[in-house]
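Got your viewer open? Grab the mouse, and let's walk through this structure one selection at a time.

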2 protein chains.
Amino acid sequence: MSLKYAVLAALLEGEASGYELSKVFDISFANFWPATPQQLYRELERLARDGLVEARFVQQERRPNKRMFTLTEAGREDLRAFAAEPPRRPTAIRDELLIKLQAVDDPEAARAMIEERMTWARGKLGRYERVRERLLDGRTEDAYLRESDRVGPYLTLLAGISFEEGNLRWCERVLAVLKQRVAQG
Amino acid sequence: MSLKYAVLAALLEGEASGYELSKVFDISFANFWPATPQQLYRELERLARDGLVEARFVQQERRPNKRMFTLTEAGREDLRAFAAEPPRRPTAIRDELLIKLQAVDDPEAARAMIEERMTWARGKLGRYERVRERLLDGRTEDAYLRESDRVGPYLTLLAGISFEEGNLRWCERVLAVLKQRVAQG
DNA sequence: AACACCATGTAAGCAGTTACATGATTAG
DNA sequence: CTAATCATGTAACTGCTTACATGGTGTT
């Protein structure tokens, strides 16, 4: 049910193709609602059938043809109603690393996994920082908040940043604990 | 595939019934691998069929009968192998609130949702703190880490705490941004 | 009297994943 | 020459959610 609204929300940024949306759901939206291309193509089909988005066929010469999707007024209204209601279900996290860590008996293997996660988190923070700069576009946060009509994308970006920072802090903590365990055998 | 190992990891704590596991997956494990009772009953069935857990029927007098499950040596071995491999898929988060926030056009509604999340996060932190005290059992962290044979449960607990603290910090940030927006209409 | 807890399970349906297919274009 | 990008889609499968059912016990 929520994927539907995630797609509608993504289309608030403007017209997009399924392929373009699959990039968005693999990068920025992946931070709170990941989806594979196949999910998106199916969802867009449904949304078009229900009149919440409008599809426009675009013929291209040196590229495969594509369909561009836009929110309809009905889609906008449906999304608005959804956004006004409090969430029904709590945040769900699925993290394989934590299962492994729960069961771990080899501190060295654990350490390696944590290091990898840290590298990954740092990379993600860097990419977030660049998105932030693109949004702010030289302005201060204050100026940006005054001038932009939508705050949503900025707030979800902050969530991503906050999450990865927390991740890093936790990783440091885990490394310290593991080191102590190894030190005493 | 991962639910399987989450269940095996949960059984490292000792024999448990499907019902007991459903509590665990609704509270502590929910922080990194939520599962409904129905998922668990099916998974336990499969694990028993594959010889990774052993089922023992327990007749009770003033309660419904139950089946208690224990890890077999094969199950332990399978879990050990899983825990030694690096994770295949990145952390997946599904958070309805962030979809709503991405689309939000009513700052007052947004503020209410954030307040609710904060209340919820504080509650969760409180419960984590109590779990921590039960684990430490009067000892310092150092002493606990020296004496306990498994660190896993403590590390995943720290992850939960870290996550909710980050959540709270982010909520504060969002409130500040929203306040600023409202102040200027 | 009404509700929550204990303890399991079936059935149906929806959501998400994986594999495969197509075929030209562009970058290394 | 190889791999990645663009752009879509079908099919088969696995995983997850929701509704319902049972029926005694303990709590407010």
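Let's start at DNA strand D. Four elements each give at least two residues to the surface near DNA strand D: helix H2 (18–24), helix H3 (37–49) and strand E3 (66–71) of chain A, plus helix H3 (37–49) of chain B. Keep in mind as you click around that this is a predicted model.

**Stop 1: around DNA strand D**

Which element gives the largest share of the surface near DNA strand D? Select H3(B): four residues of that surface come from this helix. Now show everything around the strand. You should find 24 residues surrounding DNA strand D, with Tyr19(A), Gln60(A), Arg67(A), Arg89(A) and Gln39(B) as the closest. Looking at the DNA side, sugar and phosphate make up 63% of the atoms of DNA strand D that come within 4 Å of the protein.

Try colouring the residues of this surface by type. They split into six nonpolar, eight polar and 10 charged.

Next, zoom in on some phosphate oxygens of DNA strand D:

- Pick Arg89(A), where a polar side-chain atom lies 2.6 Å from a phosphate oxygen of DNA strand D.
- Pick Gly18(A), and look at the backbone this time: one of its N or O atoms lies 3.3 Å from a phosphate oxygen of DNA strand D.
- Hop over to Met1(B), where a backbone N or O atom lies 3.0 Å from a phosphate oxygen of that strand.

**Stop 2: over to DNA strand C**

Now select DNA strand C. How many residues are around DNA strand C? There are 24, and Gln39(A), Tyr19(B), Gln60(B), Arg67(B) and Arg89(B) come nearest. Among the atoms of DNA strand C within 4 Å of the protein, 64% are from sugar or phosphate, and the rest are from bases.

Highlight the elements next. H3 of chain A, along with helix H2 (18–26), H3 and strand E3 (66–71) of chain B, each supply at least two residues of the surface near DNA strand C. H3(A) gives the most, with four residues. Colour by type here too, and you get six nonpolar, eight polar and 10 charged residues.

Three residues are worth a click:

- At Tyr19(B), a backbone N or O atom sits 2.6 Å from a phosphate oxygen of DNA strand C.
- At Arg67(B), a polar backbone atom is 2.8 Å from a phosphate oxygen of DNA strand C.
- At Gln38(B), look for a base instead: an N or O atom in the side chain is 2.9 Å from a base oxygen of DNA strand C.

**Stop 3: the sheet in chain A**

Hide the DNA for a moment and show chain A as a cartoon. Look for an open sheet of three strands, ordered E1-E3-E2, with antiparallel pairing. E1 and E2 of chain A are at the edges with a single partner strand each, so each has one side without a neighbour in the sheet.

Select strand E1 (residues 16–17) of chain A together with E3(A): the two pair over two bridges. Ser17(A) stands opposite Met68(A) in E3(A). Then add strand E2 (residues 53–58) of chain A, which pairs with E3(A) over six bridges. Here, Glu54(A) is the residue opposite Thr70(A) in E3(A).

**Stop 4: how the two chains relate**

Bring both chains back. Rotating chain B by 180 degrees, with 0.0 Å of shift along the axis, superposes it on chain A with an RMSD of 0.0 Å. That is how copies around a two-fold axis are related. Which residue of chain B comes closest to the rotation axis? Click Ile93(B), whose C-alpha is 2.3 Å from it.

Now select the interface. The copies meet through the same surface, because 100% of the interface residues of chain B are also interface residues in chain A.

**Stop 5: Gln102(B)**

For the last stop, find helix H5 (residues 96–103) of chain B and pick out Gln102(B). Is Gln102(B) buried or exposed? Its relative accessibility is 5%, so Gln102(B) counts as buried. Show its neighbours across in chain A: Gln102(B) touches, among others, Ala9(A), Leu12(A), Phe29(A), Phe32(A) and Arg150(A). Then zoom in on Thr156(A), whose side chain makes a polar contact with the side chain of Gln102(B) at 2.8 Å.

Technical notes
Residues are numbered from 1 along each chain as its sequence is written. Chains are lettered from A and ligands numbered from 1 in the order in which they are written. This is a predicted model: local features need pLDDT of at least 70, side-chain atom pairs count only at pLDDT 80 or more; totals for chains, interfaces and linings use all residues. Side-chain values use heavy atoms; hydrogens and water are left out. Copies are superposed by least squares on the C-alpha atoms of residues with pLDDT of at least 70 in both. Contact means heavy atoms within 4.5 Å. Buried means under 20% relative accessible area, exposed over 50%, partly exposed in between (1.4 Å probe, protein chains only). A polar contact is a pair of N or O atoms within 3.5 Å; within protein, one must be able to donate a hydrogen and the other to accept it, and residues adjacent in sequence count only if both atoms are side-chain atoms. A residue is near a molecule or strand if one of its heavy atoms lies within 4 Å of it. Ala, Val, Leu, Ile, Met, Phe, Trp, Tyr, Cys and Pro count as nonpolar, Asp, Glu, Lys and Arg as charged, and the others, Gly among them, as polar. Two strands pair if DSSP finds at least two bridges between them. Lists of a residue's contacts leave out its neighbours within four places in sequence.
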